[in-house]
Structures are given as C-alpha cells and as structure tokens.
Amino acid sequence: CRAQALAGAKARRGRPEQSRAANSLLRTASNRCHMSAAEQQAAALQQLRSEVQAQAQRDLMTKMTEKCFAKCAANSKGGSRLERSEQMCVGMCVDRYVDVMNAVNEALVARQRDRS
C-alpha cells in the first residue's frame, strides 16, 4: 500500500505545479492503508476535488492576469513598474473580474438549488 502511494507521489513530483499535491498524497497514503475500500474511495475523491479546485484557481489567476495586463498595461513603456494609471486600471479590472465570477457562481448555485 505504501509503495503504491510513493510511486504515485513520485510521478506527480515530476511536475512542479503538482508538488504540493504529491506531498499531500504522500502524507495521506499511510492513513489510507488503514482505511476500508469505501473510505479510500471517498478520500481519493476528496483529494481529486481539491486538486481540481486548486487547478481551477490557478487557471482563473492566469486568465485574469493575462486579460487585465492586455487591457491595462499592453502599451506600457516597458519599465519595471506600472504607472499609477496602469495600477488603477489593473486594480479595477481585477475587481470587475472577481465580481463577475462571483455573480456567475451565485447564478449557478441558485440554478442548482432550483433544480433540487
């Protein structure tokens, strides 16, 4: 059981963005060895959900960064710092992006609740 967990963790460590997930998997591996099959399945599903959520957050940050930079700083003079107007634009862009994502999330939750 432990050898199988170590092999999975080593495979994940090859990808830098998943090293935290690999460490987490390794820490929980010994606990899973003492769990029933149903408990192992539930733990694996929770681990997968956590990894998917973390990847979604990274993707959101990447999209937000790309879009706000393209909108606010693409014509920058190339200095090492953003000008004040660019900083304000990026701040407002990020705020707007977060507001929209929250509104979409609330609408999805409401729709799911209405279907239940």
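I looked up Val52 and found it in helix 3, residues 37-72. Helices here are DSSP runs of H or I with at least four residues, strands are runs of E with at least two, and numbering starts at the N terminus.

The model is predicted: I read local features at pLDDT of at least 70 and side-chain atom pairs at pLDDT 80 or more, while totals for chains, interfaces and linings use all residues. Residues are numbered from 1 along each chain as its sequence is written, and side-chain values use heavy atoms, with hydrogens and water left out.

**Patch**

Val52 joins Leu45 and Leu48 in a nonpolar surface patch of about 260 Å². For a patch I took residues with over 30% relative accessible area and no salt bridge; nonpolar side chains (Val, Leu, Ile, Met, Phe, Trp, Tyr) are joined within 5 Å, like charges within 9 Å. A salt bridge would be a side-chain nitrogen of Lys or Arg within 4 Å of a carboxyl oxygen of Asp or Glu. Areas come from Shrake-Rupley with a 1.4 Å probe; for residues, only the protein chains shown count as cover.

**Whole protein**

I noted four helices and zero strands. From the N terminus the order is α-α-α-α. The protein exposes about 9100 Å², and carbon and sulfur atoms supply 54% of that. Of the 116 residues, 16% are buried. Buried means under 20% relative accessible area, exposed over 50%, and partly exposed in between (1.4 Å probe, protein chains only). I also checked contacts, meaning heavy atoms within 4.5 Å. Among contacts with a separation of 6 or more, 36% are between residues 24 or more positions apart.

**Core**

Which residues make up the largest nonpolar core? I listed five: Met64, Cys68, Cys72, Cys93 and Tyr97. Helix 3 and helix 4 each supply at least two of these core residues. Helix 3 gives the largest share, three residues. A nonpolar core is a set of buried Ala, Val, Leu, Ile, Met, Phe, Trp, Tyr and Cys residues joined through side-chain atoms within 4.5 Å. In soluble globular proteins, nonpolar side chains tend to be buried together.

I then took Met64 by itself. Leaving aside neighbours within four places in sequence, Met64 is in contact with Val94, Tyr97 and Val98.

**Disulfides**

How many disulfides are there? I counted two, with a disulfide being a pair of cysteine sulfur atoms within 2.5 Å.

Cys68 and Cys93 form one, with sulfur atoms 2.0 Å apart. This pair links distant parts of the chain: Cys68 lies in helix 3, Cys93 in helix 4, 25 residues apart. The Cys68 and Cys93 link is left-handed, at -85° about the S-S bond. Why do I call Cys68 buried? Its relative accessible area is 2%. Cys93 counts as buried because its relative accessibility is 12%.

Cys72 and Cys89 form another, also with sulfur atoms 2.0 Å apart. This pair too links distant parts of the chain, with Cys72 in helix 3 and Cys89 in helix 4, 17 residues apart. The Cys72 and Cys89 link is left-handed, at -65° about the S-S bond. Cys72 has 10% relative accessibility, so I logged Cys72 as buried.

**Gln87**

Last lookup: Gln87, in helix 4, residues 84-115. Gln87 and Cys72 are 15 residues apart in sequence and 8.0 Å apart in space, C-alpha to C-alpha. I logged Gln87 as partly exposed because its relative accessible area is 35%.
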